[in-house]
Amino acid sequence: MGNTMTTTPQHVTEPGRDALANSARDHLWMHFTRHSTYYDGGHVPVIVKGEGSYIWDDHGNKYFDGLSGLFVVQAGHGRKELAAAGAKQAEELAFFPIWSYAHPRAIELAERLAGYAPGDLNRVFFTTGGGEAVETAWKLAKQFFKLTGKPTKHKVISRAIAYHGTPQGALSITGIPDAKIPFEPLVPGGVKVPNTNYYRAPDEYRGDEKAFGLWAANRIAEAIEFEGADSVAAVFVEPVQNSGGCFPPPPGYLERVREICDEYDVLMVADETITGFGRIGDMFAMNRYGVTPDIITCAKGMTSGYAALGAMIASDRLFEPFKHGQTSFLHGYTWGGHPVAAAVAMENLDLFEREGLNANVLANEGNFRRTLEKLNDLPIVGDVRGAGFFYGIELVKDKVTRETFTDDEAERLLRGFLSKALFENGLYCRADDRGDPVVQLAPALTCGQKEFDEMERILRSVLTEAWTIL
Ligand SMILES: Cc1ncc(COP(=O)(O)O)c(C=O)c1O
């Protein structure tokens with residue numbers, strides 16, 4: 001198991017010792033999980049403790065958390081000040097809704113987020129996670145246009161393979177066919193355009209990232225024309241797309257998307273569920289890229305995972321029709337802006353500033369990239385890409401032709417070997433084939449060269465072995 005360097009995958013289940021894992025297998029419905037694995041002799045990994053960049057399982061094995069939980073634990077595990085902030089707030093006021101009422105922590109946090117957000121994105125609508133924030137943004141876009149004389153604008157354009165959450169609206173915006181098929185028909189009006197996977201760019205754009213970016217952005221204009229501008233309400237883009245393996249925006253891409261949205265009176269929504277709160281070295285990646293969207297959706301890193309919280313941050317223009325008269329946005333969540341979560345977020349953002357987490361990402365992102373790029377000498381590594389502390393390593397069958405794996409090979413490689421082998425060698429990260437097979441890394445924002453080297457060492461050993469099992 002962790003840190004032992006063995007890749008023998010089978011964990012022998014012992015009834016007493018594995019009571020938690022067995023109970024998980026029998027009662028816990030794990031998310032996005034193929035449960036048969038655990039009835040066929042697999043062992044549910046039970047994580048019981050975290051400290052800094054490390055986590056421990058119920059058998060005392062230690063692992064490097066290379067994914068910050070799920071792109072969440074920016075400040076690292078075991079931060080007593082964040083736990084204390086939650087406890088203190090629970091004693092003072094554990095719960096009150098923000099339905100026509102307010103409480104101090106939600107007010108302070110809303111003002112603070114508005115301060116971090118670009119342009120006039122000054123209005124904060126709290127949710128409990130990213131999918132709800134996306135859902136909220138789509139509903140706002142529809143109602144905004146109904147209130148401002150363009151009632152037929154309702155569709156959303158988003159990108160192939162992008163993940164935007166699981167509520168049925170957010171899932172309709174999601175571009176991963178396999179995640180949608182079991183739930184069709186979804187909310188109508190989700191239209192897909194190409195993403196910014198430069199590694200898989202059409203031949204004519206190889207070697208010219210800017211031209212590729214322009215091409216990809218112009219597909220949005222084409223889709224709006226095709227659907228009819230009077231039917232399109234919004235374009236959703238992650239500044240750096242997660243699914244598919246960390247696609248950064250080519251130079252000029254986000255600027256061109258902004259231009260297109262302005263031209264057709266379509267809202268630009270930046271889904272910063274992952275990229276927000278330091279992942280790309282700024283509170284919002286859109287600040288770093290210098291483009292102001294109409295809406296930002298965010299969640300995860302806002303509390304570093306010490307409580308559940310998400311938000312939609314909208315521009316003054318979008319709030320304007322809700323300012324007067326009898327109009328309201330008939331939408332909300334009991335837990336949205338929960339006082340404990342808001343208090344934890346405030347403390348987390350204090351910690352960001354006190355410890356300079358964004359500055360740490362900016363100072364170390366080049367070293368992170370260079371360390372991961374060393375893996376380019378392995379035959380299985382096709383591409384290393386990403387930004388900030390958010391990287392994907394695409395695995396290929398042939399480096400020269402960029403040939404990817406067949407479905408069977410990907411199944412054998414990712415599920416049959418890689419996920420388990422990485423974990424058993426002490427690295428928790430993500431091996432994913434929602435696009436082409438990638439390994440993804442998003443460590444805590446406190447990391448430096450020592451941690452990058454540790455990830456590289458484990459990846460090198462496991463990816464070298466992966467090549468031999470193919
Ligand atoms: C870009 C993006 N949007 C939305 C979501 C959904 O967030 P949640 O799981 O908090 O609903 C995610 C989750 O990973 C995400 O990466």
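Which residues does Ile313 touch, not counting residues up to four places away in sequence? The partners of Ile313 are Leu113, Ala114, Ala117, Leu121, Arg123, Val124, Ile295 and Ile296. Here, two residues are in contact if their C-beta atoms, placed from the backbone, lie within 7 Å.

A word on the model before we go on. It is predicted, so local features need pLDDT of at least 70 and side-chain atom pairs count only at pLDDT 80 or more, while totals for chains, interfaces and linings use all residues. Residues are numbered from 1 along each chain as its sequence is written.

**Two domains**

The protein chain is divided into two domains, with bounds that come from an automatic or database domain assignment.

| Domain | Residues | Residues in contact with the other domain |
|---|---|---|
| Domain 1 | 19-78 + 357-469 | 28 residues |
| Domain 2 | 80-355 | 27 residues |

The C-alpha centres of domain 1 and domain 2 lie 26 Å apart. On the side of domain 1 that touches domain 2, at least two residues each come from α3 (68-71), α14 (357-373), β11 (381-387), β12 (390-395) and β15 (438-441). Helices (H or I, at least four residues) and strands (E, at least two) are DSSP runs, numbered from the N terminus. That side of domain 1 divides into 14 nonpolar, 9 polar and 5 charged residues. In this scheme Ala, Val, Leu, Ile, Met, Phe, Trp, Tyr, Cys and Pro count as nonpolar, Asp, Glu, Lys and Arg as charged, and the others, Gly among them, as polar.

**The core**

Ile313 appears again in the largest nonpolar core, which has 128 residues; Ala234, Val235, Val257, Ala311, Ile313 and Leu427 touch the most other members. Such a core is a set of buried Ala, Val, Leu, Ile, Met, Phe, Trp, Tyr and Cys residues joined through C-beta atoms within 7 Å, where buried means that 20 or more other C-beta atoms, placed from the backbone, lie within 10 Å of the residue's own. Helix α13 (residues 339-355) gives the most to this core, with 9 residues. Both domain 1 and domain 2 give residues to the core, so it lies between them.

**The ligand shell**

Around the ligand there are 14 residues, of which Gly129, Gly130, Gly131, Gly165 and Thr273 come nearest; a residue is near if its C-beta atom, placed from the backbone, lies within 6 Å of the molecule. By class, this shell has 4 nonpolar, 8 polar and 2 charged residues. Helix α6 (residues 130-147) gives the most to the shell, with 3 residues.

Terms used:
Buried ≥ 20, exposed ≤ 12 C-beta atoms within 10 Å, placed from the backbone.
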